[in-house]
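Trainee: I should be grateful for a close look at the helix packing in this structure, with some attention to the elements around it.

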Amino acid sequence: MSATLITTNIAKPFLKWAGGKTQLLPEIISRLPQEMKTGEIATYIEPFVGGGAVFFYIVNNFPKIKHFYLCDINQDLVNCYNSIKDSVSELVTELKKLEDSFLSLNQVKRKDFFYFVRDNFNQEKQYIFSPATAAKLIFLNRTCFNGLYRVNRSNKFNVPFGDYKNPTICDDENLEAVSEVLQKAEILCGDFTCCKKHISKRAFVYFDPPYRPISKTASFTSYAREDFSEKDQVRLAEFCALINSIEGKFLLSNSDPKNENPEDHFFEVHYGQIAGFQINRVDAIRAINCIGNKRGAIKELIITNYASRMTSGN
Ligand SMILES: C[S@@+](CC[C@H](N)C(=O)[O-])C[C@H]1O[C@@H](n2cnc3c(N)ncnc32)[C@H](O)[C@@H]1O
């Protein structure tokens, strides 16, 4: 008798996203609170969800977590998540059409097609964000330069064509798996504090804010409409203190300013003074150096309000 092979698709990030946490994932996983496994933590909150690398890991691996709240200030991103959640078949049909049209063209015509879709997307998203608009966002993410999402001051997506040979545009199996796991999630658009009402003793919050610039020479100018300033970093530290006072748990990742300036004590000042907060410095690879082309080992910060040690089995 031959066994039937059952394949279950594991949902994974469907967009390339700046600051994606795939590289740091093992460090984060090893520091998750033990209560995630036992069911004592029943709610997962990710207020800067972006591409959701950590969310997808958690939703696939912690079945005892029942409620997921994802949040991001980027309205287009949130609309895209919600389209996948509610209308995945329609979205996949539209994305396949874009993929077929694009791949049937030569490289010169592909470029024209990209800009045509980009114009369409920018027009459309001002009025209504349909599953077809979400399909355009995914198409642009897959075919634009470096998978960036950047808008100009009029909120128009403005990343140029990426010129890749054979980009994967429509991964329908993954989109369906993503849709399935998103049924457990509420996806909100707004500032990170919008998840406040869901914080409780049984909640775990993972914060991955836009990194604090690591040097004084780093450019503070951003094309994104919403910049994350030093004041926002302080607001975030205060929000972490609030979670702690409610006895919820949090883990926060950020850049380590001491890579560039050992005298920069921002995190020690804003997090190090609270009893029970742990500031861990972990190894990472510098992706882009703002000063030159230097790449290499640097430290990143992982801050928790619980004792975070390597746990086996996760
Ligand atoms: C470093 S990225 C998160 C990357 C994500 N962890 C991943 O794996 O792809 C930071 C995200 O925070 C969002 N963001 C910026 N300012 C915000 C704010 N005030 N409140 C909530 N989200 C914000 C950005 O739109 C971006 O998606």
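Mentor: The following account begins with the helix α4 and then turns to its partners, the sheet and the ligand. The model is a predicted one.

Two packed helices are described by the angle between their axes and the distance between the axes. Helix α4 spans residues 75-103, and its packing against helix α7, residues 172-182, has an angle of about 140° with the axes 8 Å apart. The two are therefore classed as oblique, since an angle counts as roughly antiparallel when it is over 145 degrees and this one does not fall in the range of 65 to 115 for roughly perpendicular. The crossing of α4 and α7 is left-handed. On the α4 side, the residues in this contact are Tyr-81, Ile-84, Lys-85, Val-88, Leu-91 and Val-92. They meet Asp-172, Leu-175, Glu-176, Val-178, Ser-179 and Leu-182 of α7. Sorted by class, the contact of α4 with α7 holds eight nonpolar residues, one polar residue and three charged residues.

Helix α4 also packs against α6, here at an angle of about 70° and with the axes 5 Å apart. This angle makes α4 roughly perpendicular to α6. The crossing of α4 and α6 is right-handed. From α4, the contact draws on Asp-76, Asn-79, Cys-80, Ser-83, Ile-84, Ser-87, Glu-90, Leu-91, Glu-94, Leu-95, Leu-98 and Phe-102. From α6, the contributors are Pro-131, Ala-132, Ala-134, Ala-135, Leu-137, Ile-138, Phe-139 and Thr-143. By class, the contact of α4 with α6 comprises 13 nonpolar, four polar and three charged residues. Ile-84 and Leu-91 of α4 take part in the contact with α7 and also in the contact with α6.

Helix α6, residues 131-143, has a further partner in helix α5, residues 107-124: their axes come within 10 Å and cross at roughly 140°. The relation of α5 to α6 is thus oblique. The crossing of these two helices is left-handed. Phe-114, Val-117, Arg-118, Asn-120, Phe-121 and Glu-124 of α5 make the contact with Thr-133, Lys-136, Leu-137, Phe-139, Leu-140 and Thr-143 of α6. Six nonpolar, three polar and three charged residues form the contact of α5 with α6. Within α6, Leu-137, Phe-139 and Thr-143 belong to the contact with α5 and to the contact with α4.

The sheet comes next. Seven strands form an open sheet of mixed pairing, in the order β3-β2-β1-β4-β5-β7-β6. Its edges are β3 (185-189) and β6 (278-285), each of which pairs on one side only. Neighbouring strands are turned against each other by 20° on average, direction ignored. Strand β2, residues 67-72, pairs with β3 in the parallel sense over five bridges. One bridge joins Cys-71 to Leu-188 in β3. Helix α3, residues 53-61, lies across β1 (43-46), β2 and β4 (203-207), and runs at about 165° to β1.

Finally, there is the ligand. Its surroundings consist of 22 residues, of which Gly-19, Phe-48, Gly-50, Gly-51 and Asp-208 come nearest. By class, the shell around the ligand has 10 nonpolar, six polar and six charged residues.

Methods. Residues numbered from 1 in each chain as written. Predicted model: local features only at pLDDT ≥ 70, side-chain atom pairs only at ≥ 80, totals over all residues. Axes fitted to C-alpha atoms, helices over the stretch in contact; angles between N-to-C directions. Helix = DSSP H or I, 4+ residues; strand = E, 2+ residues; numbered from the N terminus. Parallel < 35°, antiparallel > 145°, perpendicular 65-115°, else oblique. Left-handed = near helix turned anticlockwise from the far one by under 90°. Contact = placed C-beta atoms within 7 Å. Nonpolar A, V, L, I, M, F, W, Y, C, P; charged D, E, K, R; others polar. Near = placed C-beta within 6 Å. Pairing = 2+ DSSP bridges.
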